[in-house]
Amino acid sequence: MSQFARNLQDQVARAEKGGSIPTDTPRSIIQIQNVTRKFGDFVAVNDVSLTIYEGELFSLLGGSGCGKTTLLRMLAGFETPSSGRILIDGQDMTHIPPFERPVNMMFQSYALFPHMTVEQNVAFGLKQDGMPSAEVKKRVAEMLDIVELSALGKRKPHQLSGGQRQRVALVRALAKRPKVLLLDEPLGALDKKLRERTQLELVNIQESLGVTFVVVTHDQEEAMTMSCRVAIMNQGRILQVDTPHAMYEYPNTRFVAEFFGSVNMFEGILVEDEADHVVIDCPELSRPIYVSHGVSGREGGTAYAAIRPEKVALSKEEPADTSRNCSTGVVQDIVYLGGESTYLVKLDSGRVVRVSLQNAYRAAEPEITWDDRVWISWQPSNVVVVSS
Amino acid sequence: MSKRSPFLISCMAFGFAFLYVPLLLLMIYSFNDSKLVTVWGGFSTRWYGELFQDDQILGAARTSLVIAAMSATLSTILGTICGLVLARFGRFRGRTLFSGMITAPLVMPEVITGLSILLLFVALEQLIGWPEGRGMTTITIAHVTFTMAYVTIIIQSRLGQMDESIEEAAMDLGARPLKVFFLITLPIIAPALLSGWLLSFTLSLDDLVIASFTAGPSSTTLPMVVFSSVRLGVTPKINALATLLVSAAAFCIVIAAIIMRRAERERERAIAKAMAEQEQM
Ligand SMILES: Nc1ncnc2c1ncn2[C@@H]1O[C@H](COP(=O)(O)OP(=O)(O)O)[C@@H](O)[C@H]1O
Ligand SMILES: [Mg+2]
């Protein structure tokens, strides 16, 4: 993440909290207010409210069929909300047709015009605006230069590779300098290697042009790499809107914790609920979980404690304090991933816990191996209590 | 399948013979010098000469071609609109009825189509005085009603294959729906339009029954002339006419096939090239 994006994140965070210095307040560019979209009885988008700020790269993340595309199509004007309002740059756009909105969309299938050359594709939107042809030419050359496709301007879409088509679709949508660019799974059709390279390219283009991007994706890593902020959707609802960092460290629901990165989820009973700490009794662990922050739960009720695999310590020795936040088990499997290894530890209760360790040294033999009896433990501050 | 079954081969040979031997005989006998169709009297092209002297046949040919061209053009326009409605307007009230009614002429007996249209024309003439009598206009209209169904089906299925987001992308870039249709949809489905037009043209040129119902005294089409003259006895002149028609049709098909093959090969080459470049990247 660049310094630019980091600053923007801070500003947005302040604006969302409501208190900020007026000079560096980011301007909200899209306001989605209580938008619902029904198809017959089926609710595809359910009472969504969102604010997206100028210059952000905002991701809508969620599994297939959760309503991401429908929400994006409502921003573009291809679907009308059943209820609610959409404001773009302060103006109510709920019932404005797509050809009059100051946003452009990059389609999942790219939707290039097959009977036009690359140049004609990029020029299409400019011509609709009645831009003089000399200027159109200049802008098209400029746009193709950005994605290094200047040499292929005379080709037809079917004469391009998948990666090249993707870039043509991108600059065609950017050519009109829209206030917001909507991207529906922009990297979905590319292979893994190309996708990783293109992620960074996309962020660079976004920052250098200063256009707000709203990206729909189902890929958690992609959202984490590219976005200023992420909204996680499930079954038409938005569960959480946050920076990737906050989303990972402080998920607010079980779904978010499990969807955004891998996690060890423990279900237990809230036995002690104080302002500065809580204790959860989990039958799968031999000791209770002690969490060093308060939660708004009901004593005696069910609680979920989420612990990320890299925040679990693994050792053959007994930890200093064995009264809480630890358990014993046997190493069942080790998954070597290059930079790190994931240990699958089978606890005495039968529950398998994932533990990630950095492979910082090139030791011939790992210290802990299969079938070793080990202790797992974690810090009270590294546990997040989430609601179901 | 290394060993081809002799049974299948003879079946195929028989089938082809059944299709093409009559045509071949007809072509051969068109060069027959004899006035009797079935007796070979030596090679000559005199019937072709006589054919081009026959004003009735030439006039009928012209009438047929004009009607075919007009009705094909009209039914392509109307059929495209119907296809667009069926493919793009989603589910609307009465859609099933609408699509059923459009395609009904495909299965309706021609005699009934012809008769009902004739009754309509007569009723219309009494009511509003149009169409005045029957002639090329009435035949054209009648042909449009049944060729339109074919065009509708062709266009509908082509639009069904087309990625709808292409049209949405054009709209997203600022084109109004009508402009999207003319700048994007129409060029993409142009080949389907052409094949729809050609099919309508051929159907209209072929039609005897509906034309007989809706024709007036001054508007005899080629099939009508052929049919009535054959009733008086087949003359070698008709053989000559048929030979010309078959040759023209075959010529058109071959040209169309060559054009399509060439376009297809070019496309494949382009795709292969793009793939190779992608691998180098
Ligand atoms: N035009 C439509 N008619 C009926 N149902 C639709 C339509 N568009 C989307 N849906 C339904 O809405 C749900 C959400 O779709 P979509 O927004 O495309 O999901 P996503 O992009 O998150 O995978 C899906 O279950 C889909 O079947
Ligand atoms: Mg989608």
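# A charge tour of chain A

Start by selecting A:Glu272, A:Glu274, A:Asp276 and A:Glu299: together they form a negative surface patch. Keep in mind as you go that this is a predicted model. Now click on A:Asp276 alone. You'll find A:Asp276 in the loop between strand E11 (264-273) and strand E12 (278-281). Its relative accessibility is 52%, so A:Asp276 counts as exposed.

**Zoom out**

Show the whole of chain A as a cartoon. There are nine helices and 20 strands to look at, and the C-alpha atoms fill a box of roughly 75 × 50 × 45 Å along the principal axes. Of the 388 residues, 51% count as buried. Switch on the surface and you're looking at about 17900 Å² of accessible area, 48% of it belonging to carbon and sulfur atoms.

If you like contact maps, here's one number to go with the view: among contacts with a separation of 6 or more, 65% are between residues 24 or more positions apart.

Next, colour by charge. Chain A has 41 positive and 48 negative charges, and the mean positions of the two sets lie 10 Å apart. The salt bridges come to 27 over all chains.

**Stop one: A:Arg229 and A:Glu56**

Select this pair and check the distance: the closest N and O atoms of the salt bridge are 2.5 Å apart. A:Arg229 sits in strand E9 (residues 229-234), while A:Glu56 is in the loop between strand E2 (42-53) and strand E3 (57-62), so the pair links distant parts of the chain, 173 residues apart. Is A:Glu56 buried or exposed? It's buried, with a relative accessible area of 0%. A:Arg229 counts as buried too, at 5% relative accessibility.

**Stop two: A:Glu284 and A:Arg351**

Here the salt bridge has its closest N and O atoms 2.7 Å apart. Both ends are in loops: A:Glu284 between E12 and strand E13 (289-291), A:Arg351 between strand E17 (340-347) and strand E18 (352-358), with 67 residues separating them in the chain. A:Glu284 is partly exposed at 30% relative accessibility, whereas A:Arg351 is buried at 18%.

**Stop three: A:Asp348 and A:Arg373**

Stay with the loop between E17 and E18 and pick A:Asp348 there; its partner A:Arg373 is in strand E19 (residues 373-377), 25 residues away in sequence. Their side chains meet in a salt bridge at 3.1 Å, N to O. A:Asp348 is exposed, with a relative accessible area of 52%.

**Stop four: a network**

Now select A:Arg27, A:Glu54, A:Asp89 and A:Lys179, which are joined into one network by salt bridges that share partners. Centre on A:Arg27, in the loop between helix H1 (3-17) and strand E1 (28-39). A:Arg27 counts as partly exposed, at 44% relative accessibility. Leaving out residues up to four places away in sequence, A:Arg27 touches A:Tyr53, A:Glu54 and A:Asp89. Add A:Gly55 to the view as well: A:Arg27 and A:Gly55 are 28 residues apart in sequence but 8.8 Å apart in space, C-alpha to C-alpha.

**Last stop: an acid without a bridge**

Finish in helix H7 (residues 220-226) by selecting A:Glu222. Which side chain of opposite charge is nearest to A:Glu222? That would be A:Arg195, 4.2 Å away. The cut-off for a salt bridge is 4 Å between the side-chain nitrogen and the carboxyl oxygen, and A:Glu222 is buried yet has no salt bridge. To see its surroundings, show A:Leu187, A:Arg195, A:Gln199 and A:Thr217, all touched by A:Glu222 when residues up to four places away in sequence are not counted.

Technical notes
Residues are numbered from 1 along each chain as its sequence is written. Chains are lettered from A and ligands numbered from 1 in the order in which they are written. This is a predicted model: local features need pLDDT of at least 70, side-chain atom pairs count only at pLDDT 80 or more; totals for chains, interfaces and linings use all residues. Side-chain values use heavy atoms; hydrogens and water are left out. Patches are made of residues with over 30% relative accessible area and no salt bridge: like charges are joined within 9 Å, nonpolar side chains (Val, Leu, Ile, Met, Phe, Trp, Tyr) within 5 Å. Accessible areas come from the Shrake-Rupley method with a 1.4 Å probe; for residues, only the protein chains shown count as cover. Lys and Arg count as positive and Asp and Glu as negative; His and the chain ends are not counted. The place of a charge is taken as NZ of Lys, CZ of Arg, CG of Asp or CD of Glu. Helices (H or I, at least four residues) and strands (E, at least two) are DSSP runs, numbered from the N terminus. Buried means under 20% relative accessible area, exposed over 50%, partly exposed in between (1.4 Å probe, protein chains only). Contact means heavy atoms within 4.5 Å.
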